[in-house]
Amino acid sequence: MMPESECNSGCCNEQLPFLRQQLNIPDSIALAWGTLDQLQSPLYPAEEKSIASAVEKRRREYIAGRTAARKVCADCSASNAELVAADDGTVLWPNGVIGSLSHSDRFCMACAGRLTQWSSLGIDVEALGRLSPDLWPLVFSEKETEFFHTRSGAAQDQIATIFFCLKEAFFKLQYMITKTVVDYRKISVELLSETTCGLQLLESGQLFDLVIVGNYLIHEKHVIATCFYPRTDSPESE
Ligand SMILES: CC(C)(COP(=O)(O)OP(=O)(O)OC[C@H]1O[C@@H](n2cnc3c(N)ncnc32)[C@H](O)[C@@H]1OP(=O)(O)O)[C@@H](O)C(=O)NCCC(=O)NCCS
């Protein structure tokens with residue numbers, strides 16, 4: 001079983017350098033992290049409208065996501081960004097910026113980078129203990145399930161949550177490019193070390209053929225997963 005990361009700071013902002021280092025996040029990607037309580041800033045009217053009928057739990061998560069996303073957009077030279085959602089639920093990021101966000105019941109994380117450097121980003125935050133084995137057939141291949149069965153108890157839950165979290169991060173990254181809902185069982189996770197992996201869409205044809213490096217961390221009884229797809233061309237303008 002992988003060790004849980006230790007961070008002695010009680011302040012989530014102070015945790016940022018630690019998380020950046022542990023997750024190997026490049027300097028050109030802005031990162032925000034905090035508890036839902038710490039990230040409750042006012043919304044723009046258009047954002048407010050989209051959660052007018054939401055229950056309180058969803059409202060807190062949404063506000064935390066917008067607060068964190070605004071911080072990272074500001075770090076990418078897009079201050080005070082209004083972040084409404086497209087019909088498919090994805091954030092309409094400001095011109096020249098691409099990002100990703102995730103919230104659990106307790107925490108929220110957002111990241112963003114300039115489109116001149118990054119094609120797409122994917123992050124996910126998952127609480128440990130929420131992925132019961134009855135859900136495994138929906139998201140894991142038989143090979144992955146067999147691998148989990150070589151472990152037991154908390155180690156089994158931990159590895160299943162790590163795989164799921166990485167698949168969610170990769171799903172988000174590829175969706176921003178392909179706009180396609182892909183089967184999680186077709187997202188392959190190959191662990192490379194105790195913190196990195198290779199992520200790939202199997203049998204995708206021309207959809208999204210790249211292997212993307214993912215990073216993961218166990219922190220505060222959660223798994224955090226990140227994956228970033230750098231631009232390979234050199235755009236003349238954004
Ligand atoms: C989109 C999805 C990945 C979100 O994951 P989640 O764990 O439920 O929620 P998270 O907090 O991690 O992420 C939610 C954020 O992702 C973003 N998002 C929503 N849809 C997205 C998409 N298609 N692509 C990228 N990002 C997306 C939004 O910003 C959203 O937050 P917001 O609504 O507050 O703005 C997931 O709900 C989903 O739809 N998966 C595809 C369906 C599927 O095959 N699921 C199989 C598992 S059983």
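## A tour from helix α3 to F163

Begin by selecting S77, the residue that follows helix α3 in this predicted model, and notice that its phi angle is positive, near 70 degrees. Then step back along the chain and select helix α3 itself, which runs over residues 56-75. With 20 residues at 1.5 Å each, this helix should span 28 Å, and since its end C-alpha atoms lie 29 Å apart, the expected and the computed lengths agree.

Now select the whole protein, where you can count 6 helices and 8 strands, which follow one another along the sequence in the pattern α-β-α-α-β-β-β-α-α-α-β-β-β-β. The radius of gyration is 17 Å, close to the 18 Å that the globule rule gives for 238 residues, so the protein is as compact as a globular protein of that length. If you turn the model along its principal axes, the C-alpha atoms fill a box of roughly 50 × 40 × 35 Å. Of the contacts with a separation of 6 or more, 58% join residues that are 24 or more positions apart, and buried residues make up 38% of the 238 residues.

For the last stop, select F163, which you will find in helix α6, residues 153-178. Is F163 buried or exposed? It counts as buried, because 27 other C-beta atoms lie within 10 Å of its own, where 20 or more are enough. Show F140, E144 and V189 as well, since F163 is in contact with these residues once its neighbours within four places in sequence are left aside. Finally, add C197, which is 34 residues from F163 in sequence but, from C-alpha to C-alpha, 9.7 Å from F163 in space.

Definitions and conventions: Residues are numbered from 1 along each chain as its sequence is written. This is a predicted model: local features need pLDDT of at least 70, side-chain atom pairs count only at pLDDT 80 or more; totals for chains, interfaces and linings use all residues. Helices (H or I, at least four residues) and strands (E, at least two) are DSSP runs, numbered from the N terminus. The expected span of a helix is 1.5 Å times one less than its number of residues. The radius of gyration is taken over C-alpha atoms; the globule rule is 2.2 Å times the number of residues to the power 0.38. A residue is buried if 20 or more other C-beta atoms lie within 10 Å of its own, exposed if 12 or fewer, and partly exposed in between; C-beta atoms are placed from the backbone. Two residues are in contact if their C-beta atoms, placed from the backbone, lie within 7 Å.
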